[in-house]
Amino acid sequence: MKYEGDIGLYLSGCPVLVPQCNIAIVQPKVKDVILFGETDFFVSAQMLGDISKFVKPVKEGNSELSQRNDFQIFLEIMRTPGTGALENVKKFFDLCCPDLKVQYKRNSIDFIANDAIVGRINQMTYHFFCRTVSELFLPHQEEEEVEYNYDKNNAAAVRLAEKIKRNREKLKKAMEQDESQTHVSVFGLYASILAIGCNNSIQMYFDYTPFQLYDAFERYMAKQQSDLFTQISMVPFADTSDQEPPESWMRNLYDGHKKEQYNSFSKFNETVKGRGR
């Protein structure tokens, strides 16, 4: 997915202004989200990150609602007693817009400071707000794993290929929520993997913002994939000639493209020098 926001601003941890709504979204630290309630946070972020998807089940089979704007239906759900949606959204705004009071009107969500409306989400601007919430607070989409060919008669190549497979299976298993468990902490899992893999204190990652943690985790996994490809390509008789190498772990993770523009330090340096002219 291509990101449209300012990635440097996202990574800085500073508040992110949505100019169409005149609302600055504060990026909480991961430890603040844990105190908020990780499950509630993700429910709220998914709800506000894609309002159209949230209201789709409500519209299905209802000819009257199918003609109405998604944002108006969302506001009606907010005002419906017993849904729990309003409480989740209120908590989300308390965390991410702590200096603003929020009022839910018939056609808008108004943000108030010093008794004056300073920001507003309506049917014309909610798409911009949704996009920013989604980019900031929801994990990035997974990329496809690269498969390697190797000589199955070569013991060293087989061992390394099996190691790669085991690592992938362990990560996949860890990322999947066991049905017997009531909750698996995504942030805890990411922080634990990064702490062990990078030999850092786990507490450091709880001081990250969600976006910083997602970025660090995805960059780390990209480097692991690149390192594993390098290892297997150096094994005698390992055949990777018909396989494209993994994308550079230094690539732009947010441009929506799978293919890398450079696959070596020399090409990378040439590109940077060219931009500086």
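**Confidence, fold and aromatic contacts in a predicted model**

Residues 142–146 stay under a pLDDT of 50, and the model gives this stretch 12 contacts beyond four places in sequence. A second stretch, residues 259–277, also has a pLDDT below 50. There the model has 15 contacts beyond near neighbours in sequence. Where pLDDT is low, the predicted coordinates should not be read in detail. The whole model is predicted. Across the chain the pLDDT averages 80, and 73% of the residues score at least 70.

The chain contains 13 helices and 5 strands. Of its 277 residues, 39% are buried. Contacts between residues at least 6 apart in sequence were also examined; 60% of these join residues at least 24 apart.

Two helices were checked for length. Helix α7 covers residues 85–96. Its 12 residues, at 1.5 Å a residue, should span 16 Å. The end C-alpha atoms of α7 are 17 Å apart, which agrees. The buried residues of α7 are Ala85, Asn88, Val89, Phe92, Phe93, Leu95 and Cys96. They cover an arc of only 160° around the axis, so they lie on the same side of α7. Helix α3 runs over residues 38–49 and also has 12 residues. The expected span of α3 is 16 Å, and its end C-alpha atoms are 16 Å apart, in agreement. Buried positions in α3 are Glu38, Phe41, Phe42, Ser44, Ala45, Met47, Leu48 and Gly49.

Aromatic side chains pair repeatedly. The structure holds 20 aromatic pairs. In one of them, the ring centres of phenylalanine 71 and phenylalanine 74 are 6.3 Å apart and the planes meet at 25°, so this pair is stacked. Both residues belong to helix α6 (residues 70–78). They are 3 residues apart, about one turn of the helix. Phenylalanine 71 and phenylalanine 74 are both buried.

Ring pairs also build a cluster. Its members are Phe36, Phe41, Phe42, Phe92, Phe93, Phe111, Phe129, Phe137, Phe187, Tyr190, Tyr214 and Phe217. Phe41 and Phe42 are among the buried residues of α3. Phe92 and Phe93 are among those of α7. Two lysines sit over aromatic rings. The charged end of lysine 91 lies over the ring of phenylalanine 36, 4.9 Å from its centre. Lysine 223 lies over the face of tryptophan 249, and here the distance to the ring centre is 5.6 Å.

Strand β5 contributes a buried residue, isoleucine 121. Its relative accessibility is 2%. Isoleucine 121 and cysteine 21 are 100 residues apart in sequence, yet their C-alpha atoms are 5.7 Å apart. Not counting residues up to four places away in sequence, isoleucine 121 touches Cys21, Ile23, Phe71, Phe93, Asn107, Ser108, Ile109, Phe111, Tyr126 and Phe129. Among these contacts, Phe93, Phe111 and Phe129 are members of the ring cluster. Phe71 is one ring of the stacked pair in α6.

Threonine 125 lies in the loop between β5 (116–122) and α8 (126–137). Threonine 125 is buried, with a relative accessible area of 11%. Leaving aside neighbours within four places in sequence, threonine 125 contacts Gln20, Cys21 and Arg120. Cys21 is also touched by isoleucine 121.

Glutamine 103 is in strand β3 (residues 101–104). Its relative accessible area is 36%, so glutamine 103 is partly exposed. The C-alpha atoms of glutamine 103 and arginine 120 are 9.6 Å apart, across 17 residues of sequence. Beyond residues up to four places away, glutamine 103 touches Ser108, Ile109, Asp110 and Ile112. Ser108 and Ile109 are also among the residues touched by isoleucine 121.

Two asparagines have positive phi values. Asparagine 22 has a phi near 60°. It lies in the loop between β1 (16–18) and β2 (23–25). At 45% relative accessibility, asparagine 22 is partly exposed. Asparagine 114 has a phi near 55°, again positive in a residue other than glycine. It lies in the loop between β4 (108–113) and β5. Asparagine 114 is exposed, with a relative accessible area of 79%.

Definitions and conventions. Residues are numbered from 1 along each chain as its sequence is written. Side-chain values use heavy atoms; hydrogens and water are left out. Rings of Phe, Tyr and Trp (its six-membered ring) pair if their centres lie within 6.5 Å; planes under 30 degrees apart count as stacked, over 60 as edge-to-face and the rest as tilted. Helices (H or I, at least four residues) and strands (E, at least two) are DSSP runs, numbered from the N terminus. Buried means under 20% relative accessible area, exposed over 50%, partly exposed in between (1.4 Å probe, protein chains only). A charge sits over a ring if NZ of Lys or CZ of Arg is within 6 Å of the ring centre and within 35 degrees of the ring normal. pLDDT is the predictor's confidence in each residue, from 0 to 100. Contact means heavy atoms within 4.5 Å. The expected span of a helix is 1.5 Å times one less than its number of residues. The arc is that of the directions from the helix axis to the C-beta atoms.
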